[in-house]
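These are my notebook entries on a structure that I looked up step by step. I record what I looked for and what I found.

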Amino acid sequence: MHAVRYGIPLALVVAGVVVSATAGGVGLAAGALFFSAGTAVLLLNVLYRIGVEGDKERDTEQSARDFFDEHGHWPDEPPSAARGRPRG
């Protein structure tokens, strides 16, 4: 997975550097396009990972709420802590 996530952007950036270094004026523009494509792919991967983390946090919070609805106390507190608190 890391090869896809980081290998493809790295290959594009390396290709951009090689094309820029070996070709003339048109090669410089083509190298810049490769470099830009590599950084764009890397940024999309980073943004996707951030979005997935948010989903995991929401799922964890929802399971804690379901536990509270079923048992009357939060999963990280002992059952005796819920006795002094009114439900509802």
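**Entry 1: Tyr6 and the nonpolar patch**

I began with Tyr6, which lies in helix α1, a helix of residues 2-22. I note that the model is predicted.

Is Tyr6 buried, partly exposed or exposed? I found a relative accessible area of 42% for Tyr6, and this residue is therefore partly exposed. The class of partly exposed residues runs between 20% and 50%.

I then looked up which surface patch Tyr6 belongs to. Tyr6 joins Leu42, Leu43, Val46, Leu47 and Ile50 in a nonpolar surface patch of about 560 Å². Helix α2, residues 25-71, gives the most to this patch, with 5 residues.

I also looked up a distance from Tyr6 to a residue far along the chain. Tyr6 and Val41 are 35 residues apart in sequence, and their C-alpha atoms are 8.9 Å apart in space.

**Entry 2: Ala37**

I turned next to Ala37, which is found in helix α2. Its relative accessibility is 31%, so I entered Ala37 as partly exposed. From the C-alpha atom of Ala37 to that of Val4 I read 15 Å, the two residues being 33 residues apart along the chain.

**Entry 3: The two helices**

I looked up the length of each helix. Helix α1 has 21 residues, and from its first C-alpha to its last it reaches 29 Å. The expected value at 1.5 Å a residue is 30 Å, to which the span of α1 is close.

Does the span of α2 agree or disagree with what its number of residues suggests? The helix has 47 residues, so at 1.5 Å a residue it should span 69 Å. I found 70 Å between the end C-alpha atoms of α2, which agrees.

I then listed the buried residues, which have under 20% relative accessible area. In α1 they are Arg5, Pro9 and Gly16. In α2, I entered Gly27, Gly31, Gly38, Val52 and Ala64 as buried.

What covers them? The cover of the buried residues of α1 includes α2, and the cover of the buried residues of α2 includes α1.

**Entry 4: Arg5, buried and charged**

I returned to Arg5, whose place is in helix α1. Which side chain of opposite charge is nearest to Arg5? I found Glu53, at 8.7 Å. Arg5 is buried yet has no salt bridge. A salt bridge needs a nitrogen and a carboxyl oxygen within 4 Å.

I also looked up what Arg5 touches, leaving aside its neighbours within four places in sequence. Arg5 is in contact with Leu42, Asn45 and Arg49. Leu42 is also one of the residues of the nonpolar patch.

**Entry 5: Salt bridges**

How many salt bridges does the structure hold? I found 2.

In one of them, Glu53 pairs with Lys56, with 3.7 Å between the closest N and O atoms. Both residues lie in helix α2, 3 residues apart, about one turn of the helix. Glu53 is partly exposed, as its relative accessibility is 40%. Lys56 is partly exposed as well, at 45%.

In the other, Arg65 pairs with Glu61, and the closest N and O atoms are 2.8 Å apart. Arg65 and Glu61 are 4 residues apart in helix α2, so about one helical turn separates them. I read 41% relative accessibility for Arg65, which is therefore partly exposed. Glu61 has a relative accessible area of 42% and is likewise partly exposed.

Why does such spacing suit a pair along a helix? An α-helix has 3.6 residues a turn, so residues three or four places apart point the same way.

**Entry 6: Ala64 and what follows α2**

I ended with Ala64, whose place is in helix α2. Ala64 is among the buried residues of that helix. Leaving aside its neighbours within four places in sequence, Ala64 is in contact with Trp74 and Pro75.

I also looked up the distance from Ala64 to Asp76, which is 12 residues apart from it along the chain. Their C-alpha atoms are separated by 9.0 Å.

What is the phi of Gly72, just after α2? I found a positive phi of about 85 degrees for Gly72.

Conventions. Residues numbered from 1 in each chain as written. Predicted model: local features only at pLDDT ≥ 70, side-chain atom pairs only at ≥ 80, totals over all residues. Heavy atoms only, no water. Patch = residues over 30% accessible without salt bridge, like charges linked within 9 Å, V, L, I, M, F, W, Y side chains within 5 Å. Areas by Shrake-Rupley, 256 points an atom, 1.4 Å probe, with all protein chains shown as cover. Helix = DSSP H or I, 4+ residues; strand = E, 2+ residues; numbered from the N terminus. Buried < 20%, exposed > 50% of the residue type's maximum accessible area, 1.4 Å probe, protein only. Lys, Arg positive; Asp, Glu negative; His and termini not counted. Contact = heavy atoms within 4.5 Å. Expected span 1.5 Å × (residues − 1).
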